[in-house]
Amino acid sequence: MAINRVPVLKRCRSLGLDPIYLGIDKKSNRQLKRANRKVSEYGLQLREKQKAKFIYGVLEKPFHNYYLKADRMKGMTGENLMTILESRLDNVIFRLGFARTRKEARQVVGHKHVMVNGKQVNIPSYLVKAGDTIEIKEKCKGFQRYKDILAVTAGRLVPEWLEADQDNLAGTVKELPNREVIDVPVDEMLIVELYSK
């Protein structure tokens, strides 16, 4: 499995991204020394794609497959792509507040702690649907790890398309998100332009 080992804050700086979107509270004090060069149109499109891939922790091939799937769906391709990325299981666990960061959410899913509609799912890229119930396994609910996580994420706002029950470590997908409720700073139209060349 390919793993991105680039330091997170360094990558955030190079993409001009606030680490808070990854669930990280740290701020880097360093400033990026960048010459005042004009960025080409292709450069802007590529940066938006890299931003989306980095935020959601998706590599190039699966990301391209998501784009192709979004292109086949009805409606705007860019909005469909953002909806698909947002409905990944690891992202939903992060949004519900059962993990501090998206990387930790991926680990929680990979360690078989998550049940979707009563069945164990250990695939971070599993796409949830409207009406799905997601919960942490009964035997894992008492772990100190989840007490620590809930202490950190208690103040985090759960998006309106999800319903979270923090006490029972469970949540429900009320509906799939539309672009207005996804608070990720990515211009998906540039990604569509990049792939449609």
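Two strands count as paired here if DSSP finds at least two bridges between them. Keep that in mind for the first stops, and remember throughout that this is a predicted model.

**Stop 1: the sheet**

Start by selecting the five strands of the open sheet, and colour them in the order β2-β1-β3-β5-β4. The pairing in this sheet is antiparallel. Now look at the two edges, where you'll find β2 (119-120) and β4 (162-165). Each of these has a single partner strand, so one side of each is left without a neighbour in the sheet.

Next, walk across the sheet pair by pair. Select strand β1, residues 114-116, together with β3: three bridges hold this antiparallel pair. To check the register, show M115, which sits opposite E135 in β3.

Keep E135 selected and look towards β5. Which residue of β5 stands opposite E135? That's A170. β3 and β5 run antiparallel, joined by three bridges. So with M115 and A170 displayed alongside E135, you have a row to follow across β1, β3 and β5.

Move on to β4 and strand β5 (170-173), another antiparallel pair, this one over four bridges. Two pairs of residues are handy markers: L162 stands opposite V173, and E163 has T172 as its bridge partner.

**Stop 2: the turn between β4 and β5**

Stay with these two strands and zoom in on their connection. They form a hairpin with four residues between the strands, and one of the things to look at there is L169, with a positive phi near 50°. L169 is a residue other than glycine, located in the loop between β4 and β5. Is L169 buried or exposed? Its relative accessibility is 3%, below the 20% cut-off, so L169 counts as buried.

**Stop 3: another positive phi**

Now jump to N117, in the loop between β1 and β2. N117 isn't a glycine either, yet its phi is positive, about 55°. Turn on the surface and you'll see N117 partly exposed, at 43% relative accessibility.

**Stop 4: Y126**

Continue along the chain to the loop between β2 and β3 and pick out Y126. Y126 is partly exposed, with a relative accessible area of 26%. What does Y126 touch, once its neighbours within four places in sequence are set aside? The contacts are S87, R88, L89, V116, V121 and D132. Draw a C-alpha to C-alpha distance from Y126 to S87: it should come to 8.2 Å, across a sequence separation of 39 residues. Two of those contacts link to other stops: V116 lies within β1 (114-116), and L89 is among the buried residues of α5.

**Stop 5: helix α5**

Since L89 is on screen, select the rest of α5, residues 89-96. How many residues of α5 are buried? Eight of its eight, so the helix is mostly covered. They are L89, D90, N91, V92, I93, F94, R95 and L96; notice D90 and R95 in that list. Just past the end of the helix, G97 has a positive phi of about 90°.

**Stop 6: helix α7**

Now select α7, residues 144-153, and show Y146, I149 and T153, the buried residues of this helix. Turn the view until you look straight down the axis: these buried residues fall within an arc of 60°, so they line one face of α7. Add α6 (102-110) and β3 (133-136) to see what the buried residues of α7 pack against.

Before leaving α7, click on D148, which also belongs to this helix. D148 counts as partly exposed, at 35% relative accessibility. From D148 to A99 the C-alpha distance is 9.6 Å, with their positions 49 residues apart in sequence.

**Stop 7: the second largest pocket**

Finish with the second largest pocket, whose volume is about 360 Å³. Its lining has 16 residues; show I20, G23, F94, R100 and R156, which lie nearest the centre. F94 should be familiar from the buried residues of α5. Both α5 and α7 supply at least two residues each to the lining. What is the lining made of, by class? Colouring by class gives eight nonpolar, two polar and six charged residues.

How values were computed
Residues are numbered from 1 along each chain as its sequence is written. This is a predicted model: local features need pLDDT of at least 70, side-chain atom pairs count only at pLDDT 80 or more; totals for chains, interfaces and linings use all residues. Side-chain values use heavy atoms; hydrogens and water are left out. Buried means under 20% relative accessible area, exposed over 50%, partly exposed in between (1.4 Å probe, protein chains only). The arc is that of the directions from the helix axis to the C-beta atoms. Contact means heavy atoms within 4.5 Å. On a 1 Å grid over the protein atoms alone, a cavity is a set of points where a 1.4 Å probe fits but cannot get out, and a pocket is an open set with protein on both sides within 12 Å along at least five of seven lines; lining residues have an atom within 4 Å of a point. Grid points are joined across faces, edges and corners, and a volume is the space filled by probe spheres set on the points. Ala, Val, Leu, Ile, Met, Phe, Trp, Tyr, Cys and Pro count as nonpolar, Asp, Glu, Lys and Arg as charged, and the others, Gly among them, as polar.
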